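Hi,

Here is the structure I promised to pass on. Have a look at it first, and then read on for what turned up in it.

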Amino acid sequence: MLLSEVQKQIADISLTKHLQLVNYVRMHHHSYELAEDCVQEAYIEAIVSADKIHSPDKLFSWLKTVALRKAQKNLKEYLQIIDACFQTGYINELEQPNRIE
């Protein structure tokens, strides 16, 4: 199996600039785990979309943008879940200690 130029660049970036990508996302969202997951998802998207990437020289910027957008989407979904829990009273029920009478 031959790797395309873009796939080779993705591999190179994952080896040489991975931490830089993770820290970029983490700088915006403060969660190392979320940043790591989103960067991994960005790599996957880049590999799947390698034939659609027209400017391989801008791949690092593309990966930063995709990873950050994934983090923003994940946080938005998380906040919607938390909001729904508050609105239904589910979180208030969890916060009350069990009473033995």
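**Helix α1 and the core**

Let me begin with a length check on α1: at 1.5 Å a residue, its twelve residues should span 16 Å, and the end C-alpha atoms are indeed 16 Å apart, so the two agree. Do keep in mind that this is a predicted model.

Three residues of α1 are buried, namely Val 6, Ile 10 and Ile 13. They lie on the same side of the helix, because they cover an arc of only 65 degrees around the axis. That fits the usual geometry: an α-helix has 3.6 residues a turn, so residues three or four places apart point the same way. On the face turned away from the buried side you will find the exposed residues Glu 5, Leu 15 and Thr 16. The cover over the buried residues of α1 includes α2, α3 and α4.

Now to the largest nonpolar core, which has 21 residues. Those touching the most other members are Ile 13, Leu 21, Val 39, Tyr 43, Leu 59 and Leu 63. Two or more residues each come from α1 (5–16), α2 (18–29), α3 (32–48) and α4 (59–88), with α3 giving the largest share, seven residues. If you want one residue to zoom in on, try Val 39: beyond its neighbours within four places in sequence, Val 39 is in contact with His 18, Leu 21, Val 22, Val 25 and Ala 67.

A last word on cysteines. Cys 38 counts as buried, at 0% relative accessibility, and Cys 85 is buried too, with a relative accessible area of 18%. The structure holds zero disulfides.

Best wishes

How values were computed
Residues are numbered from 1 along each chain as its sequence is written. This is a predicted model: local features need pLDDT of at least 70, side-chain atom pairs count only at pLDDT 80 or more; totals for chains, interfaces and linings use all residues. Side-chain values use heavy atoms; hydrogens and water are left out. A nonpolar core is a set of buried Ala, Val, Leu, Ile, Met, Phe, Trp, Tyr and Cys residues joined through side-chain atoms within 4.5 Å. Buried means under 20% relative accessible area, exposed over 50%, partly exposed in between (1.4 Å probe, protein chains only). Helices (H or I, at least four residues) and strands (E, at least two) are DSSP runs, numbered from the N terminus. Contact means heavy atoms within 4.5 Å. The expected span of a helix is 1.5 Å times one less than its number of residues. The arc is that of the directions from the helix axis to the C-beta atoms. A disulfide is a pair of cysteine sulfur atoms within 2.5 Å.
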